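Visitor: I am new to this structure and should like to know how its descriptions are justified. May we go through them one at a time?
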Amino acid sequence: MEVALIKPQGFCSGVTRAIKLAKQAKEEHPDKNIYILGMLAHNQILINDLSKEGFITLTGDEFKEIEKLNEGDILIFTAHGHSEKLDKIASDKGLITYDATCFKVKDNLNKIKKEIEANHQVIYIGQSGHKESNAALSVSKNVSLYDTKLLINYHLITDCSPFVINQTTLNFYELKGYHNDILKHFPNARIENEICNATRIRQEAILKIDKDTDLIVIVGHSKSSNSNKLFDIAKANYPQALVVMVNNLEEFKKIDIKNKRKATIGSGASTPQYIVDEIYKYLLAI
Ligand code: SF4
């Protein structure tokens, strides 16, 4: 089969840094368990690989999980942010922490804090329940979530020029629509577009796929926001193609690709490169 790879592939800088920091923690504390508070980045294969290397991912409620740890335990905070309350608990308990929060996410959180300190209200466009949204909402009760599915209760906003910011991994092309909706209610809203480069560049690349492609494979995990957005954009723009999202080759092999002649593979910013390579080689050999 003819196969093309969308560029870029592989981990973004935030995920690369998070993995590096986790490995550094292990090197500095070779005799201790290294705990990670949630998925280091949103890809189950990456988490499984880390587990094989001895890292322990804590998957339950973050506040309950952190309470179970003891003084001197090593804890890594993940790439997409966490509540500041967790920093306080970790410090009170005497945990040794490593903060893998991506610089882009941190930058957003700092902007939110600055606005709150200046007594402004903040509208945060994001996905309910996502780690990054939770971290943003934890800054203050004056941060209101504009859920990309449920939208927002505008009555909660009394500031006539609220600050508007967003989760870094949303759909670049849908963001404008959310902004327009907010502007209808708050013409003086101060809006910043904070889609990260790793997310935006991958989304732009999806739109450049050859129009005669009849199979588009997005390699990524269902919890990965940026992978899901790549899938949505591909599905919306290539109605002639079969568009699928898979975790790995095993899952891909279960899909019926009979009569498909031309494939393109894209992947999320937290997808290990070797998984993409396996699918690429498999398709090339058909
Ligand atoms: S996807 Fe963007 S925000 Fe998330 S870790 Fe990567 S660079 Fe950072």
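Guide: Let us begin with helix 5, where Val-105, Asn-108, Leu-109, Ile-112, Glu-115 and Ile-116 are buried. Seen down the helix axis, these residues fall within an arc of 120°, so they line one face of helix 5. Please bear in mind that the model is predicted.

Visitor: Why does Leu-109 count as buried?

Guide: The term buried requires a relative accessible area under 20%. Leu-109 has 11% relative accessibility, and therefore counts as buried.

Visitor: With which residues is Leu-109 in contact, leaving aside its neighbours within four places in sequence?

Guide: Contact requires heavy atoms within 4.5 Å. Beyond those sequence neighbours, Leu-109 is in contact with Ala-135, Ala-136 and Val-139. Leu-109 and Ala-135 are 26 residues apart along the chain, and their C-alpha atoms are separated by 7.8 Å.

Visitor: What lies on the other side of helix 5, and what do its buried residues pack against?

Guide: Phe-103, Lys-114 and Glu-117 are exposed on the other side of helix 5, a term that requires over 50% relative accessible area. The buried residues pack against strand 6, helix 6 (131–137), strand 7, strand 8 and strand 9. Just after helix 5, Asn-119 takes a positive phi of about 65°.

Visitor: How do you know that the span of helix 1 agrees with what is expected?

Guide: Helix 1 covers residues 13–28, which makes 16 residues. At 1.5 Å a residue these should span 22 Å, and the end C-alpha atoms are 22 Å apart, so the two values agree. Helix 5 can be tested in this way too: its 15 residues reach 21 Å from the first C-alpha to the last, close to the 21 Å expected.

Visitor: Which residues of helix 1 are buried, and why are they said to be on the same side?

Guide: Gly-14, Val-15, Ala-18, Ile-19, Leu-21, Ala-22 and Ala-25 are buried in helix 1. They cover an arc of only 160° around the axis, which puts them on the same side of the helix. On the other side, Ser-13, Lys-20 and Glu-27 are exposed. The buried residues of helix 1 pack against several elements, including strand 2 (34–37), helix 2 (44–52) and strand 5 (96–99).

Visitor: What is the strand order of the open sheet, and why do strand 7 and strand 9 stand at its edges?

Guide: The sheet has 4 strands in the order 7-6-8-9, with parallel pairing. Strand 7 (143–147) and strand 9 (190–191) each have a single partner strand, so one side of each is left without a neighbour in the sheet.

Visitor: What makes strand 8 and strand 9 a pair?

Guide: Two strands pair if there are at least two bridges between them. Strand 8 (residues 163–166) and strand 9 are joined by 2 bridges, so they meet that condition, and they run parallel. Val-164 stands opposite Ile-191 in strand 9.

Visitor: Which helices lie against these strands?

Guide: Helix 5 (residues 103–117) packs on the sheet, touching strand 6 (122–126), strand 7, strand 8 and strand 9, and its direction makes about 165° with that of strand 8. Helix 7 (residues 172–185) lies across strand 6, strand 7, strand 8 and strand 9, running at about 150° to strand 6.

Visitor: Which domains does the assignment give?

Guide: The domain assignment gives domain 1 (2–10 + 198–284), domain 2 (13–102) and domain 3 (104–195). The centres of domain 1 and domain 2, taken over C-alpha atoms, are separated by 29 Å. Their contact takes 12 residues from domain 1 and 9 residues from domain 2.

Definitions and conventions. Residues are numbered from 1 along each chain as its sequence is written. This is a predicted model: local features need pLDDT of at least 70, side-chain atom pairs count only at pLDDT 80 or more; totals for chains, interfaces and linings use all residues. Side-chain values use heavy atoms; hydrogens and water are left out. The expected span of a helix is 1.5 Å times one less than its number of residues. Buried means under 20% relative accessible area, exposed over 50%, partly exposed in between (1.4 Å probe, protein chains only). The arc is that of the directions from the helix axis to the C-beta atoms. Axes are lines fitted to C-alpha atoms, for helices over the stretch in contact, and angles run from 0 to 180 degrees between N-to-C directions. Domain bounds come from an automatic or database domain assignment.
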